[in-house]
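Please walk me through this structure in the viewer, one selection at a time. I would like to know what to pick at each stop and what is found there.

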Amino acid sequence: MSEATPLLEVRNLSKSFGAVQALCDLSMQVAAGEVVALAGDNGAGKTTLIKAISGVYRPSSGKVLLEGEEMNFSSPQEARERGIETIYQDLALADNLSIGANIFLGREPMTKRWGFLPVMDRKKMADAARETMALLDFHVNRLDAPVSNFSGGQRQAVAIGRAVYWNARILIMDEPTAALGVPEQRKVISLIHQLKAQGRGVIFISHNLQDIFAVSDRIVVLRRGVMAGERRIAETTHDEVVKLMVGG
Amino acid sequence: MTTDAKTETGQTTPPQGGHVSPPADHAETAKTTIQRIADLRAWLFLAALIIGFELWSRLSFGGTFIFNPFNITSIAVFAVAPLLLATGQTFVIITGGIDLSMGFIMGLAAVVAAHVINWATPGMGMPLAVLFGALVAIGVAMIPGFINGILVSRLRVPPFIGTLGMFGVARGVAFLLAGGTTVPVQNSFFAALGNGRIWGIPWIVIITAVFVLVMHYILSQTRFGQHNYAIGANEQAARRAGIDIKAHLLKLYILSGMCAGLAGFLYAARFSAGAAQAGEPLLLDSVAAVVIGGASLFGGSGTILGTVAGAFVIAVIQYGLVFINVEPFWQFISVGVVIIISVLIDQAQRRISGGRQSE
């Protein structure tokens, strides 16, 4: 992995909360078009790591580099502006709003009606929703329907669609398949393949080894805040990953 | 042929006279029809009430109810204060909150308007004193709104408790300022504003209509309105999307105080007097209007147009029952029944959409 500058690089990152060292001297990289799975037991430091990357936490020491440039995010908004988008397990959608309204939530486009009255540009939101969802191979006929009308996988696609629309280069997905049925999980896996094909970097947290092996290029295993091992998916097995996770 | 096509697509519904449509599409259409009826329920209630009173009126004393301009303006004037309170309440309830202090903020504003106009009339002249009184009364009404906003947004006090506290404070301050009595206003311009008409329409109804229209615009067309819905549906999602929740809630409760302030000012204009208890019976009516209008007390839904219908449902019941000479206590029963039916429709609609979701 020492070819060009990686899309995202984490260098010697540590994070402690008081006396508790949640993450210790961790380094990893994500290339464009690469899916990196983050695995580890509960409390291994996965969440701390993604929160440090996405601007929720400031690292105690170490660096986060985006295309070789050192980042110093003080909020998730800043990280998002630079193209690092996190898709949370509980989706973070407003159920009573349409797909377009969710994509634009907090950054609604405005237009003028009758030349003077500022109003939200619903047409632009609907158009963007249609185009973005088509890009993810997900076709909706009722763009004004609230997202509560859609299934879990479709809603996951809306959350991903929002990140894609805002040109996220790195998508961090925390257990994206956890709350879904099997067909919906497949749909999300294929969405991740699409993101990969579009040259985006994906960091993918999961407990489900089957999902990890289905979609990732590389797996990074954490244990008690330190790197327990890093493997190319093609060169490892379920057993080896489990051993890395539990320590043995 | 139709049946063949359906078997091919694996659809299990019985054939319906050549009507072939994709199953998902069909379900969505059926659902929106039910939703649409549920959304319009306040207007349907209103239509039913008007038809009912009209029939009663014609059958028992041969006169019309709704085609009598006197009745229409009386109902409209009657609806002014509860509608203004309900407009502010709609914004608050959509975020999942409630503002219990609005009734006494209205009373406080009415008393402040009366005092200020009396004080300012000799120096400023009548019209200017009224304008000054309006600004001060609405400005003063925004203070308890501001405190409500601080309590709810920064100090994380539940809206029910925070505004209940402010209910007591505003009530006490209003009665203290009024000296425990009503405060008459000596200003004929003010009286003319409160009771005068233009083209047969009372001024206070026009002022209310314009204000409510502006509020409808804010809720349905601006970012502030959109964020209001988002916060009510999923506060965490709104925060993650970069919406400043604290600033929004602060503005929200100030807005609701402002609505109560305008209601108090118009009340004082109508009666040429300020009274601390002006809004006391209207608070629960305002919540009822919002609920009848289709909002959920859990937050996330509601519209100003629905609330307008809800407020008129209550006003028509109250006025209509007096009109047909029914004992006034029936008003409480009727409004209560309408609230319960309205919530039952809301629940039924939720069950239906919930069922679709889990499919």
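The tour below starts with confidence, goes on to chain A, crosses to chain B and ends at the core.

**Confidence**

Colour everything by pLDDT before selecting anything, since this is a predicted model. Its scores are ipTM 0.78 and pTM 0.83. Chain B has an average pLDDT of 86, and 89% of its residues score at least 70. Now select residues 1-30 of chain B, where pLDDT stays under 50. For that stretch the model has 14 contacts beyond four places in sequence. Residues 355-359 of chain B also stay under 50, with three contacts beyond four places in sequence.

**The domains of chain A**

Give domain 1 (1-83 + 169-248) and domain 2 (94-168) of chain A separate colours. Their centres, taken over C-alpha atoms, are 28 Å apart. Where they touch, domain 1 of chain A supplies 13 residues and domain 2 of chain A supplies eleven. On the domain 1 side, the elements giving two or more residues are strand 9 (170-174) and helix 6 (182-197) of chain A. Select helix 6 of chain A: its five residues are the largest share of that side. By class, the domain 1 side has seven nonpolar, two polar and four charged residues.

**Strand 10 of chain A and its partners**

Next select residues 201-205 of chain A, which form strand 10. How many of its five residues are buried? Five of the five are, and the strand is mostly covered. Look along the strand to see its two faces: G201(A), I203(A) and I205(A) point one way, V202(A) and F204(A) the other.

Add strand 9 of chain A, which runs parallel to strand 10 of chain A and is joined to it by five bridges. Within this pairing, I170(A) has G201(A) as its bridge partner. Then add strand 3 (residues 35-40) of chain A, also parallel to strand 10 of chain A, with four bridges. Here L38(A) is partnered by I205(A).

**R82(A)**

Keep I170(A) in view and select R82(A), in the loop between helix 2 (76-81) and strand 6 (84-87) of chain A. The two residues are 88 apart along the chain, while their C-alpha atoms are separated by 9.3 Å. Beyond four places in sequence, R82(A) has contacts with L66(A) and M71(A). Why is R82(A) classed as partly exposed? It has 17 C-beta neighbours inside 10 Å, and being buried would take 20 or more.

**A hairpin in chain A**

Move to strand 11 (residues 218-223) and strand 12 (residues 226-232) of chain A, an antiparallel pair with six bridges. Two residues lie between these strands in a hairpin. Pick R224(A) in the turn and check its phi, which is positive at about 50°. Across the pair, V220(A) faces E230(A) in strand 12 of chain A.

**From chain A to chain B**

Show both chains and select the residues in contact across them: 18 from chain A and 21 from chain B. The chain A side consists of nine nonpolar, six polar and three charged residues.

**D99(B)**

In chain B, find the loop between helix 4 (69-94) and helix 5 (102-124), and select D99(B) there. Is D99(B) buried or exposed? D99(B) is buried, because 34 other C-beta atoms lie within 10 Å. Leaving out neighbours within four places in sequence, its contacts include G88(B), Q89(B), N148(B), P159(B) and Y253(B). For a distance check, measure from D99(B) to A191(B): 92 residues apart along the chain, with 30 Å between their C-alpha atoms.

**Helix 13 of chain B and the core**

Select helix 13 (residues 282-292) of chain B, in which ten of the eleven residues are buried. Among them are D285(B), S286(B) and I292(B). Just past the end of the helix, G294(B) has a positive phi of about 110°.

From I292(B), step to V313(B), which touches I292(B) as well as A42(B), F45(B), L46(B), L49(B) and V338(B). V313(B) belongs to the largest nonpolar core, a set of 177 residues. Along with M106(B) and A109(B), V313(B) has the most contacts inside that core. To finish, colour the two domains of chain A again: the core takes at least three residues from each of them.

Methods
Residues are numbered from 1 along each chain as its sequence is written. Chains are lettered from A and ligands numbered from 1 in the order in which they are written. This is a predicted model: local features need pLDDT of at least 70, side-chain atom pairs count only at pLDDT 80 or more; totals for chains, interfaces and linings use all residues. Two residues are in contact if their C-beta atoms, placed from the backbone, lie within 7 Å. Ala, Val, Leu, Ile, Met, Phe, Trp, Tyr, Cys and Pro count as nonpolar, Asp, Glu, Lys and Arg as charged, and the others, Gly among them, as polar. A nonpolar core is a set of buried Ala, Val, Leu, Ile, Met, Phe, Trp, Tyr and Cys residues joined through C-beta atoms within 7 Å. A residue is buried if 20 or more other C-beta atoms lie within 10 Å of its own, exposed if 12 or fewer, and partly exposed in between; C-beta atoms are placed from the backbone. Domain bounds come from an automatic or database domain assignment. pLDDT is the predictor's confidence in each residue, from 0 to 100. Two strands pair if DSSP finds at least two bridges between them.
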